[in-house]
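Please walk me through this structure, beginning with the ligand and its surroundings and then turning to the cysteines.

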Amino acid sequence: VCRANLPTPALVLDLDRLEANLDRMAEHVRACGKSLRPHAKTHKCPEIARRQVARGAIGISVATVAEAEAMVAAGLPGVLLTSPIVDQPKIDRMVTLKARGGDVLLAVGHPFEADRLDEAAGAAGVTLDILLDLDVGDRRTGVPVGKPALALARRLAEARHLRLIGVQAYSGLSSHVVGHDDRRRHSHQTLAPAVDLLDQLRRWGLDARILSVASTGTYDIDAELPGVTELQCGSYVFLDQDYQRIGSRRGDRFADFTPSLTVLATVINAQPGLDWVLVDAGIKAFATDVAALPEVVGRPDLLYKRRGDEFGQLFPAQPGAPLPEIGDRLEFTIPHCDPTVNLYDRIHAVRGDRVEAVWPITARREFPPLTS
Ligand SMILES: Cc1ncc(COP(=O)(O)O)c(C=O)c1O
């Protein structure tokens with residue numbers, strides 16, 4: 001199969017670029033003496049997770065129970081659920097994964113979840129490995145720093161069927177701070193209480209061996225902190241537009257990794273005399289949560305505008321720029337990768353013009369898939 005025959009809109013992954021990104025991050029953590037448990041919320045794809053583990057990742061982070069199930073079914077180790085779960089069916093599914101030999105651990109930020117997990121684990125005769133999820137400022141998941149965190153730590157340490165082995169501290173607010181110095185200051189300041197908490201747990205005599213942190217934006221920043229043991233970076237595999245604007249140690253553009261994922265689309269209307277053409281990639285082809293719009297790869301002289309669920313319009317950036325013709329196929333950059341991947345069933349893995357593989361985005365839906 002070649003790229004030219006793919007039905008559009010299609011998600012296309014450049015394998016050379018993907019592999020370069022995977023190698024780069026693997027080398028980075030090796031050089032820093034840290035571990036990598038990359039986040040699969042970005043790709044939801046066991047084929048990519050396997051390649052991360054083959055390059056030395058100690059496990060895979062996941063955001064949903066379905067992702068955990070898909071990664072365990074694919075034989076992946078060290079699957080860390082980074083989001084809270086409180087409803088009983090999800091608690092039971094995680095315990096079942098463990099009871100069946102799955103190598104899973106969970107980040108827990110509330111005593112309610114701790115108690116439910118403890119009870120379900122006891123009933124199933126298993127012990128669950130737990131990281132305390134510390135809210136270091138995102139005001140999203142996790143327990144607040146200070147007394148609440150210490151109280152939860154005690155509760156987790158005393159739970160009979162849970163084993164507290166460390167701390168998770170994810171600072172989403174640090175990830176996209178523009179400018180490397182500002183981002184570094186923000187992240188180091190934000191993570192200080194997590195480093196202190198890990199020390200405290202060790203002083204209590206607990207085997208607190210994990211401090212799991214970081215995003216792609218702080219991959220080189222958080223690795224500088226001695227207390228940090230592992231990084232949870234996700235987006236580096238695809239590197240979307242939103243990340244490129246944050247700047248790096250080396251300059252205004254974050255070019256430490258290379259954009260590897262695009263959406264392939266076809267020009268489906270181009271009338272003579274008009275100053276626009278229509279492509280078959282609209283709101284259903286690109287997530288619309290960030291301000292940036294898709295750009296045509298290799299054609300900075302064209303501007304994209306969303307024109308509804310299925311359509312996008314292309315205009316000349318300057319009057320007179322030549323427009324594509326009907327039937328032309330164009331590749332678009334992706335403003336925000338995670339929610340865009342979540343719109344597709346498969347990733348077309350290409351090398352040059354050749355489609356080398358089609359990878360299911362397995363963890364996008366319930367796993368195992370619902371049958372009628
Ligand atoms: C808990 C957690 N860890 C790690 C990541 C990875 O961040 P990024 O995709 O920016 O590398 C995310 C992303 O939202 C996350 O929510």
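A polar contact is taken here as a pair of N or O atoms within 3.5 Å. In this predicted model, the side chain of T216 meets that cut-off, because one of its polar atoms lies 2.6 Å from an oxygen atom of the ligand. A polar side-chain atom of Y170 is likewise placed 3.3 Å from a ligand oxygen atom, while an N or O atom in the side chain of Q232 lies 2.6 Å from a nitrogen atom of the ligand. Of the 390 Å² that the ligand exposes when taken alone, the protein buries 89%.

The wider surroundings of the ligand comprise 14 residues, of which T216, Q232, G234, S235 and Y243 come nearest. Sorted by character, the residues of this shell divide into 8 polar, 4 nonpolar and 2 charged. The space that the ligand takes up is the largest pocket.

The cysteines can be considered next. A disulfide is a covalent bond between the sulfur atoms of two cysteines, and the structure holds 0 of them. C32 takes part in no disulfide, since the nearest cysteine sulfur, which belongs to C233, is 10 Å away, whereas a disulfide would require the two sulfur atoms to be within 2.5 Å. With a relative accessible area of 32%, C32 is partly exposed.

What is the surroundings of C45, buried or exposed? C45 is buried, with a relative accessible area of 0%, and its sulfur is too far for a bond, because the closest cysteine sulfur, in C337, is 13 Å away.

Methods: Residues numbered from 1 in each chain as written. Predicted model: local features only at pLDDT ≥ 70, side-chain atom pairs only at ≥ 80, totals over all residues. Heavy atoms only, no water. Near = heavy atom within 4 Å. Polar contact = N/O pair within 3.5 Å; in protein donor to acceptor, adjacent residues only side chain to side chain. Areas by Shrake-Rupley, 256 points an atom, 1.4 Å probe, with all protein chains shown as cover. 1 Å grid on protein atoms, 1.4 Å probe; cavity = no way out; pocket = protein on both sides within 12 Å on 5 of 7 lines; lining within 4 Å. Sits in = over half its atoms within 2 Å of the grid points. Nonpolar A, V, L, I, M, F, W, Y, C, P; charged D, E, K, R; others polar. Buried < 20%, exposed > 50% of the residue type's maximum accessible area, 1.4 Å probe, protein only.
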